[in-house]
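Let's take a walk through this one together, starting with a pocket and ending with some rings.

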Amino acid sequence: MAHALTTLNYSLIDDRDIFMLISTVREGIKYASFQTIADKSPFSISEWSNYLHLSERTFQRYKKEKRTFDPLHSEKILEITLVYNKGVEVFGDQANFDAWLEAKNVALGGIKPKELLDSTFGIGMLRDELTRIEHGVLA
C-alpha cells in the first residue's frame with residue numbers, strides 16, 4: 001500500500017483509484033506507510049505535525065506504538081501526497097518543486113506555498129496554482 005500511495009497522482013486517478021483512496025482513508029494509514037511517504041517528501045516531522053495538527057510528541061507515540069492514523073489525518077496525508085506528486089510532475093523534478101514550495105509567492109499572497117498545506121482550502125489553492133502553472137496561466 002505504501003508504494004501505491006507515493007505513486008498516486010491527480011492526473012492519473014480514475015474511479016477505481018477514488019474507491020481505493022476512500023478505503024485507505026476509512027482504514028487509516030499505518031505509521032510505517034506514513035513514514036515511507038514522509039521520507040520521500042521534503043517536510044520534517046515538525047512540519048507534518050503542523051499540517052496534521054498533531055503534536056510532535058503524538059507523532060513519536062504513533063511511531064513507537066506503530067499506530068494507525070485516524071480517517072481525518074489519513075485523508076490529509078493523502079491530500080498532501082497527491083498535491084506534492086502533482087507539483088513534482090508540473091515542475092519536472094523534485095528539487096525544482098521543493099524550491100518553489102520554499103519561495104515566497106506573490107500569487108499566493110506573499111507566503112511560502114508549503115505554509116498552505118495545513119488546511120484543505122490551502123491544499124486546494126496549491127492544486128489550482130499548479131494547474132495554472134501547468135497550463136501556462138500565470139497570475
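How do the residues lining the largest pocket divide into nonpolar, polar and charged? In this predicted model, the lining splits into 8 nonpolar, 2 polar and 3 charged residues. The space inside the largest pocket comes to about 210 Å³. Of its 13 lining residues, Leu21, Val25, Glu75, Glu79 and Leu82 sit closest to the centre. Three helices each chip in at least two lining residues: H2 (15–27), H6 (71–91) and H8 (120–134).

Stay on helix H6 for a moment, since Thr81 is found there. With a relative accessibility of 5%, Thr81 is buried, because the cut-off for that is under 20%. Its side chain comes to 2.8 Å from the backbone oxygen of Ile77.

Now for the rings. The model has 15 aromatic pairs. Take Tyr31 and Phe69, a stacked pair with centres 6.0 Å apart and 25 degrees between the planes. Tyr31 belongs to helix H3 (residues 31–40), while Phe69 is in the loop between helix H5 (56–65) and H6, so this pair ties together parts 38 residues apart in sequence. Both partners are tucked away: Tyr31 is buried at 6% relative accessible area, and Phe69 is buried at 1%.

Phe43 and Trp48 give you an edge-to-face pair, at 5.9 Å centre to centre and 80 degrees between the planes. Phe43 and Trp48 are both buried.

Step back, and these two pairs turn out to be part of a cluster linked by ring pairs, with Tyr31, Phe69, Phe43 and Trp48 among its members. The cluster also takes in Phe34, Tyr51, Phe59, Tyr62, Tyr84, Phe91, Phe97 and Trp100.

Terms used. Residues numbered from 1 in each chain as written. Predicted model: local features only at pLDDT ≥ 70, side-chain atom pairs only at ≥ 80, totals over all residues. Heavy atoms only, no water. 1 Å grid on protein atoms, 1.4 Å probe; cavity = no way out; pocket = protein on both sides within 12 Å on 5 of 7 lines; lining within 4 Å. Points joined across faces, edges and corners; volume = space filled by probe spheres on them. Helix = DSSP H or I, 4+ residues; strand = E, 2+ residues; numbered from the N terminus. Nonpolar A, V, L, I, M, F, W, Y, C, P; charged D, E, K, R; others polar. Buried < 20%, exposed > 50% of the residue type's maximum accessible area, 1.4 Å probe, protein only. Polar contact = N/O pair within 3.5 Å; in protein donor to acceptor, adjacent residues only side chain to side chain. Phe/Tyr/Trp six-rings, centres within 6.5 Å; stacked < 30°, edge-to-face > 60°.
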